[in-house]
Amino acid sequence: MHPKTIHDRRWATLAVLSLSLLIIGLDNTILNVALPTLVRELGATSSELQWILDSYMLVFAGLLLTMGAIGDRFGRKAALNSGLIIFGVASVFAAFSDSANSLIVARAFMGIGAALIMPSTLSIITNVFSGKERAKAIGVWAAVAGLGAILGPAVGGWLLEHFWWGSVFLINIFVVAIAIATGFVLVPESKDEEATPLDLVGAGLSIIGLGGLVFAIIEAPARGWTDELVLICFSLALAMLTLMLIWEKRTTYPMLRLEFFRNPRFSAASATIVTISFGMLGSVFLLTQYLQFVLRFSPLEAGIRLLPMASLVVAAPVAANVVERVGTKKVVVTGMIFIAVALGWLAMATIDSGYGHVAISLLLLGAGLGVAGAPATDSIMESLPLAKSGVGSAMNDSTRMVGASLGVAVLGSALASTYSSEMASVTGSLTAEQAALASDSIGGTLTVAVELASAGVESWAAAASLVAGANQAFVNAMSAAALIGTAVAIVGAIIAWRYLPALPLDPEERDQLYEDRKKTPTQS
């Protein structure tokens, strides 16, 4: 495609790439509201439900760096289209799965497609746009990445109310078809013109290391952070990622050049992205339960009430304009402060606060995510040469995945442990079996309450008392977890303030800086 044609179509290209990215965000959360239906329709056990969710996440996270490198090597448009095809075909198999195991396999293949799609979208944007427009385009990309996850519960809830459970996957087919058809005309091909042989050893080590890390993080809340399997997986991940760094330092053609990490625009921004994703997915995990179990909204109603977080759609593009005036550091730090205030406000919720309190927190949180996330992502991408934008995008996506997994795991663990402790004073009159179920989760408590109420009129008061105690225990537990999220956001703000350069880097300076580093004796 001629350079002038690429330039003239750049905003249409961004629209196609945003559509491709949207299904990735949607699929991270859309299935959550369908889990009870899968129990009824497929007879899925709690363990199988966990793997239906986690098989996608594990494969996605484990393959990101490798797929980013493949896109740089063989072509980013080719990687994008391959990912869309794999994602679409796997979605068809997922929609018509007749067992939990077949759905788990289909979700794993969807993870392969997602790992090809996500880094390709950002790396193509980085090559299509330049200068100030690149920052604005990345702001749109960051907004869409977050918007998909926010829309997931609402879209999933609506589909379940009107169609069968497989419709949450079939919606992907329409998006994939449109993205491939329009992308054939509007998305240009790009790749590293001086591409080196694939680093197969580095790729293998990254797959095992990242996969093991995410698996350990996912399993820790249920098994315990000191569980033998969890510790083994953490140790394996640490060993593999350490070996990867050693290999990347010594091999002739590394997949991920270690000098990238010497640039604070890359390393500090990556650390900030972890804390941003931690706050976003961790808070959504808390609030979806609060809205359904405590405020008694249906899945669709709860999904709709998460939409105030879509304030990030406005905040992310605006942040790009503000960066031009005040610099990257101040904007990212401001966004992190917004996130900290939002989670701190959520921590102040009481049993009588109601949805209005939550809505304020969501508005602030969305604004903070947009203000901090877009410039941090742009900082990562501007720190790398265009030829390595696929790996850079994959690194950005990997930090997002790790941060999101940590947010759900850490805040989920804090929620569960505090809730169990709070319920100790409420379950004294229950049988040992009932007390164990009620202390496990608020969902378990409501199950016990229904059992009590069905025993007769005289048990209604006991059931009502149990539910009231559970509501208070959950609000207290949510507050404790939100305070942890607040602390993490403050740490992110400190990292950004201390290490993130104040001003964006000119694209020509970036490429020249990379060329100069390749010539230095200390080059890894």
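**Exercise 1. Which residue lies over the face of Tyr355, and at what distance from the ring centre?**

*Solution.* Before we start, keep in mind that this is a predicted model. Now look at the ring of Tyr355: Arg305 lies over its face, 5.9 Å from the ring centre. Next, check the surroundings of the tyrosine. Tyr355 has a relative accessible area of 23%, so it is partly exposed.

For a second case, turn to Trp497. Here the charged end of Lys329 sits over the ring, at 5.6 Å from its centre.

**Exercise 2. Count the aromatic pairs, then classify the pair of Trp165 with Phe169 and the pair of Phe297 with Tyr355.**

*Solution.* Step one is the count. Two rings pair if their centres lie within 6.5 Å, and by this rule there are 6 aromatic pairs.

Step two takes Trp165 and Phe169. Their ring centres are 6.3 Å apart and their planes stand at 90 degrees, so this pair is edge-to-face. Both Trp165 and Phe169 are buried.

Step three takes Phe297 and Tyr355. Their ring centres are 6.5 Å apart with the planes at 80 degrees; planes over 60 degrees apart count as edge-to-face, so this pair is edge-to-face.

Step four places the second pair along the chain. Phe297 belongs to the loop between helix 11 (264-294) and helix 12 (299-304), while Tyr355 belongs to helix 15 (residues 354-382), so the pair ties together parts that are 58 residues apart in sequence.

**Exercise 3. Work out how helix 9 and helix 10 are arranged, and what kinds of residue make up their contact.**

*Solution.* Begin with the geometry. Helix 9 (residues 200-223) packs against helix 10 (residues 228-250) at an angle of about 155 degrees, and their axes are 8 Å apart. Angles over 145 degrees count as roughly antiparallel, and helix 9 and helix 10 are therefore roughly antiparallel to each other. Their crossing is left-handed.

Then sort the contact by residue type. The contact of helix 9 with helix 10 holds 20 nonpolar, 4 polar and 3 charged residues.

**Exercise 4. Do the same for helix 14 with helix 19, then for helix 2 with helix 5.**

*Solution.* Take helix 14 (residues 328-347) and helix 19 (residues 460-499) to begin with. Their axes come within 8 Å and cross at roughly 170 degrees. That makes helix 14 roughly antiparallel to helix 19. The residues of this contact divide into 17 nonpolar, 5 polar and 3 charged.

Now move to helix 2 (residues 10-29) and helix 5 (residues 76-95), whose axes come within 12 Å and cross at roughly 40 degrees. That angle makes helix 2 oblique to helix 5. The crossing of helix 2 and helix 5 is left-handed.

**Exercise 5. Find the C-alpha separations for three pairs of residues that are apart in sequence, and give the burial of one residue in each pair.**

*Solution.* Take the pairs one by one.

- Ala409 with Ile218: the two are 191 residues apart along the chain, and their C-alpha atoms are separated by 6.1 Å. Ala409 is found in helix 16 (residues 389-423). With a relative accessible area of 2%, Ala409 is buried.
- Gly157 with Ala34: here 123 residues in sequence correspond to 7.7 Å in space, C-alpha to C-alpha. Gly157 lies in helix 7 (residues 131-162). At a relative accessible area of 3%, Gly157 is buried.
- Val92 with Phe169: 77 residues apart in sequence, the two are 7.0 Å apart in space, C-alpha to C-alpha. Val92 is found in helix 5. Its relative accessible area of 34% makes Val92 partly exposed.

Phe169 should look familiar from Exercise 2, where its ring pairs with that of Trp165.

**Exercise 6. Describe the backbone of Arg296 and the place where this residue is found.**

*Solution.* Start from the usual expectation: most residues other than glycine have a negative phi. Now compare Arg296, which is not a glycine and has a positive phi of about 65 degrees. Next, locate the residue: Arg296 is found in the loop between helix 11 and helix 12, and Phe297 from Exercise 2 lies in that loop too. Finally, check the accessibility. Arg296 has a relative accessible area of 41%, so this residue is partly exposed.

Technical notes
Residues numbered from 1 in each chain as written. Predicted model: local features only at pLDDT ≥ 70, side-chain atom pairs only at ≥ 80, totals over all residues. Heavy atoms only, no water. Phe/Tyr/Trp six-rings, centres within 6.5 Å; stacked < 30°, edge-to-face > 60°. Buried < 20%, exposed > 50% of the residue type's maximum accessible area, 1.4 Å probe, protein only. Helix = DSSP H or I, 4+ residues; strand = E, 2+ residues; numbered from the N terminus. Lys NZ or Arg CZ within 6 Å of the ring centre and 35° of its normal. Axes fitted to C-alpha atoms, helices over the stretch in contact; angles between N-to-C directions. Parallel < 35°, antiparallel > 145°, perpendicular 65-115°, else oblique. Left-handed = near helix turned anticlockwise from the far one by under 90°. Nonpolar A, V, L, I, M, F, W, Y, C, P; charged D, E, K, R; others polar.
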